[in-house]
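Thank you all for coming. Let me bring up the chain that I would like to go through with you today.

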Amino acid sequence: MTVSKKEQMLRKVRGLLAKAEDPACTPEEAEAFSAKAEQLIAAYAIDLALLAEKKGDRSKPVMITLDTEKNYRAPFVSLLTGIADAFGCKPVLAGGTMTTAKKLHLVGYEADLDMVQTLYGSLMLQATTAVLAGAKASGTRGDDLWRFKQSFLVGFAAKVGQRLAETYKRTVEEAKPGAALVLRDRRSEVEDKFGELFPDTKKVNGPSAHDRAGYAGGVQAGSRADIGHGRVGSRKQIAS
């Protein structure tokens, strides 16, 4: 049976993640395996863009709409927008604020949007697992527990967004000649489509962290997060 290039890439990523999750693996080795997995995913997205350019694919950016999380909505929106930004997609809330908007629009190329949704599904599950473990270990209760979880997820989202942006930038620099120009053109087309669909948008501030220990724990968890195995729609609930 013929195996597609996408499946080949996913198998490599899963193999790296399995090594990173091995209890016998040192923190330094786990970080190296995770970093390689991130690089593979970024390289795959870049290769798709270059292949489309070579074939003269005149596809245009499209828009999709995703539901936002009910619990701890703002930090999860922040996580999603950070992933989208790294892969050249433009997010906008469908009315309301980061804490009240029930939907979020994403504008980008179809392949990039697929990547964003896949990564978000995986990272959302990882964030949920990590924050539940962190909250239990912290021993906090009541309103302090809510602040801890909120701050943890804010820290997680910030760190993951930083990691993905750095990995994508570095992978572009190491890619084939002309990659940066092709990707810059694609981002410009996404910007144009976004401006056409949403001419009157304005930037909003991201969620705040009010618990120093929670934020630090989230940043630490974000630095260890693996990428590549999860789907939107399969999730645990975080009790508020």
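How much area does the chain expose, and what share of it do carbon and sulfur atoms supply? The chain exposes about 13,200 Å², and carbon and sulfur atoms supply 52% of that area, where accessible areas come from the Shrake-Rupley method with a 1.4 Å probe and, for residues, only the protein chains shown count as cover. Please keep in mind that this is a predicted model, in which local features need pLDDT of at least 70, side-chain atom pairs count only at pLDDT 80 or more, and totals for chains, interfaces and linings use all residues. Residues are numbered from 1 along each chain as its sequence is written, and side-chain values use heavy atoms, with hydrogens and water left out.

As for the overall layout, the chain has seven helices and three strands, taken as DSSP runs numbered from the N terminus (H or I, at least four residues, for helices; E, at least two, for strands). Along the sequence they follow the pattern α-α-β-α-β-β-α-α-α-α. Of the 240 residues, 44% count as buried, meaning under 20% relative accessible area with a 1.4 Å probe and protein chains only.

Contacts, that is, heavy atoms within 4.5 Å, deserve a word too: of those with a separation of 6 or more, 82% are between residues 24 or more positions apart.

One example is Thr171, which lies in helix 5 (residues 142–174) and is buried, with a relative accessible area of 6%. Leaving aside residues up to four places away in sequence, Thr171 touches Gln39, Ala42, Ala43 and Ile46. Thr171 and Ala43 are 128 residues apart in sequence, yet 6.2 Å apart in space, C-alpha to C-alpha.

Note on methods: Buried means under 20% relative accessible area, exposed over 50%, partly exposed in between (1.4 Å probe, protein chains only).
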